[in-house]
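Me: Could you take a close look at one part of this model for me, the place where the protein meets the DNA, and then work outward from there? Keep it chatty.

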Amino acid sequence: MNVEDYLKQLNPAQRAAVEAVKGPVMVIAGAGSGKTRVLTYRIAHLIDYHQVDAFQVLSLTFTNKAAREMKERIARIVGPSEAKNLWMGTFHSVFARILRVESDRLGYPSNFTIYDTEDQAKVINNIIKEQSLDKEIYKPKSVARRISAFKNALITPEEYQRSPELREQDAAARMPLMGEIFAAYNERCFRSGAMDFDDLLLNTYMLLRKFPDVLAKYQDRFRYIMVDEYQDTNHAQYLIVKALANRYGNICVVGDDAQSIYAFRGANIKNILNFQRDYEDVQVFKLEQNYRSSKTIVGAANSLISKNKDQLHKEVWTDNDAGERITIHKTVSDNDEGNYVARMIFEKHMTNHLPYESFAILYRTNAQSRAMEDALRRKNIPYRIYGGLSFYQRKEVKDVLAYFRLTINPKDEEAFRRVVNYPKRGIGDTTLDKLTVVANREGVSIWEACQNPMLLESAGINRPTQTKLQDFVTKIESYRVLTQKGDAFEVAGHIAKSSGLIREFSEDKTPEGVSRYENIEELLNSVKEFTENQKEIEDGNPSLDAFMEDVALITDADKGTEDDKHKVSLMTIHLAKGLEFPVVFIVGLEESLFPSMMSMGSRADLEEERRLFYVALTRAEKEAYLTHAQMRYRWGKLIDCEPSRFLEEIDERYLNILTPDFSPFTGPDTSLPSRRRSAENTARKPRTSLRPSSAPPKNLKRVRPTQESEGNFEALTNVEVGERVKHQRFGMGTVSDLEGSGPNKKAIIEFDNVGEKKLLLKFAKLERVNA
DNA sequence: ATTTTACAAATTTTT
DNA sequence: TTTGTAAAAT
């Protein structure tokens, strides 16, 4: 594709934004206005037309998936060898990459661990316990939120102590020791060689501020900077971008104030509202033509968002057809809501021949997915849930990962605590407490304390336990040696086996245990896949370090794969940002659910909820359905619900309000007479108890005790060479070889799309395909 | 040190 | 309803 070709595909406003390559540029991009297209072509244009070196372009996106897709599109214009040099990714992943290079400046090891929310909570919990504070007053969650807020505002523990206002705020909240906890938390993370998500930003900022030569280096490298979803940047991100752009001034931010929905994690909508004040001679472009949605949807969304006070003026319009009115439907209960949605999807799928991937069900809270899942499953409608408990957060997966983490960075205290006695080694809480005391006293990590027999002795740990600890240390050390030679897959496989975890899981024959075992297999598969991919790439890195780096910053939105074709998407509205679907169901439009209870206190919060609804509505291309239930299960109790105020805020001419008659004689399934209702409820019980009692697998393989696994059971193990088979995830393939026998029988399968895989037949959910 | 039992708490959204 | 934590028992 040459210059003329891609410029021709743009409308005047888009084209102007693409061609304005110098100086500060702000693009206000209404929903569905072709923002990604502008960003893509702008970068391609820089490289292709202005001969800018791809190494000098930094592009910060909202998800890594978005970055990957954009890179592919750019590659098609400028060629893959050039495109691969682009710096593209989320703030967190790009800055983690920089921090790995520069970590010694800040006193961190370059293989620092990235703590997720769970690790963070555990550290805080430990500190609260050690200082014997009342955790009714110092709620770990609120402490974590508070610390996160400090970091996003770039406040250090020292600055905290110097600020009377902050100290008073916490004293007023009966938490006068907040500053001490904050300091202890930072200290502990530092000693563990670990950064949390906020640290990735904060430390990048500190790095650039304290070391002018580092700043100069990156200023000089990133001569063209682009920031997507600028309305969702926080203060730290704002300052980092500003610092980096300070030399060349070629900064282009793209965003939509109407879609700012991340204030709760520190995003500051003022960043976009004040951009013109912050930079000189800003060129502003407004993309107001919506290419995505029908006139009805655009009109409805406009009428809704006009209720917000804080916004930049813009007029989103569309050339598309008027389309169907938006349906509002009231149901009796949350289960009923699920049935309605499932029935509508089924009907539309059958009568209009819409594939299942055309549908999305969006909700405010993850908890709402349950009712939807039940209903979809009952109708055998395939679906995929995004978010919720992700694969990498599952307990058993984190256990294995903790061994990996400890191998890479033995100072990682949370990983240490997690696995030092798992599988059981006779090292219990008492020992751990003693270790903590001595580590704190000496100002070293627990690991370092374990390496020093003198310290163990002085901690009052008895001889047998000392030996156990030393055995553990030796074991981890041996893994470390292995990482010097082996690739991620070799090391991971060895660790999983020799740590005893595999044995631990395989001994458990309960359905939960089997599911856990499968998840570990799945994890090792993904290590294998990663290793192989890295080996194929020219300068790929197949080490375990690289794998863990990849895993740490994977986001829920990043994980979609090919096998999501033909599936209905279920996700929170937050996760739906940036996506679009022909038909969208927004469920649970009830007061104190959406808008959420927490947001009803202040106008600013309420406006954010309204923007959230705006985002939800504008995901729809052709049709939108809004549902609300009269009753809903919450906290295990049935509660009454009022329709959301947002429903009244949409201009009526776009609406089609169904006021269904709830007598048992009308609609076939919409409302259920009480007898059937209770019968259904009792019928539900046994199935629910069949579910793994641990958190049900939300993302990858969901264990479905009923249909699938039993249905094809005979077909699983007796495949033969040359046969055509179908795998849930990998698609179609041909069996090329068999290995092992009995329960360990494996098949080597050449898949049409993903190449050769070796699968344990016991677990691979294969289907025979008749040629 | 580990297992069992009982009881409380939880639901906003995520990198 | 489910999940996690604290106390009590082995």
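Reply: Around DNA strand B there are 23 residues, and K141, R364, N421, T430 and T572 are the closest of them. Bear in mind that this is a predicted model, and every distance here is computed from it. If you sort those surrounding residues by character, you get 13 polar, 5 nonpolar and 5 charged. On the DNA side, sugar or phosphate accounts for 59% of the strand B atoms within 4 Å of the protein, and bases supply the rest.

Now for some individual contacts. R364, already listed among the closest residues, has a side-chain N or O atom 2.2 Å from a base oxygen of DNA strand B. H92 also points to a base: one of its polar side-chain atoms sits 3.3 Å from a base oxygen of the strand. With N366 the backbone does the work, since a polar backbone atom there is 3.1 Å from a phosphate oxygen of DNA strand B. As for secondary structure, the elements that contribute two or more residues to this surface are α22 (429-442) and α30 (573-576).

Let's follow α30 a little further, into the salt bridges. K577 pairs with D232, with their closest N and O atoms 2.0 Å apart. K577 is in the loop between α30 and β15, while D232 is in the loop between β6 (224-227) and α14 (235-245), so this pair ties together parts that lie 345 residues apart in sequence. Both partners are tucked away: K577 has a relative accessible area of 8%, which is under 20%, so it counts as buried, and D232 is buried too, at 5%.

That's one of 46 salt bridges in the count. Another joins the side chains of R146 and D170, at 2.6 Å from N to O. Here R146 belongs to helix α8 (residues 140-152) and D170 to helix α10, so the two are 24 residues apart and the pair links distant parts of the chain. D170 is buried as well, because its relative accessibility is just 2%. Its neighbour in sequence, A171, is in the same helix, α10 (residues 164-172), yet A171 is partly exposed at 42%. If you want a sense of scale, the C-alpha atoms of A171 and K286 are 46 Å apart, with their positions 115 residues apart along the chain.

For a contrast with the buried pairs, try R463 and E457, whose side chains meet in a salt bridge of 3.1 Å, N to O. R463 is exposed, because its 56% relative accessibility is over the 50% mark, and E457 is partly exposed at 40%. There's also a whole network of salt bridges, linking D116, E118, D119, K122, K395, K398, D399, R405, D412 and R418.

One last stop, on the surface. M597, M598, M600 and W635 make up a nonpolar patch there, and together they have about 530 Å² of accessible area. Of these, M600 is in the loop that runs between β15 (581-586) and α31 (603-617). With a relative accessible area of 31%, M600 counts as partly exposed.

How values were computed
Residues are numbered from 1 along each chain as its sequence is written. Chains are lettered from A and ligands numbered from 1 in the order in which they are written. This is a predicted model: local features need pLDDT of at least 70, side-chain atom pairs count only at pLDDT 80 or more; totals for chains, interfaces and linings use all residues. Side-chain values use heavy atoms; hydrogens and water are left out. A residue is near a molecule or strand if one of its heavy atoms lies within 4 Å of it. A polar contact is a pair of N or O atoms within 3.5 Å; within protein, one must be able to donate a hydrogen and the other to accept it, and residues adjacent in sequence count only if both atoms are side-chain atoms. Helices (H or I, at least four residues) and strands (E, at least two) are DSSP runs, numbered from the N terminus. Ala, Val, Leu, Ile, Met, Phe, Trp, Tyr, Cys and Pro count as nonpolar, Asp, Glu, Lys and Arg as charged, and the others, Gly among them, as polar. Patches are made of residues with over 30% relative accessible area and no salt bridge: like charges are joined within 9 Å, nonpolar side chains (Val, Leu, Ile, Met, Phe, Trp, Tyr) within 5 Å. Accessible areas come from the Shrake-Rupley method with a 1.4 Å probe; for residues, only the protein chains shown count as cover. A salt bridge is a side-chain nitrogen of Lys or Arg within 4 Å of a carboxyl oxygen of Asp or Glu. Buried means under 20% relative accessible area, exposed over 50%, partly exposed in between (1.4 Å probe, protein chains only).
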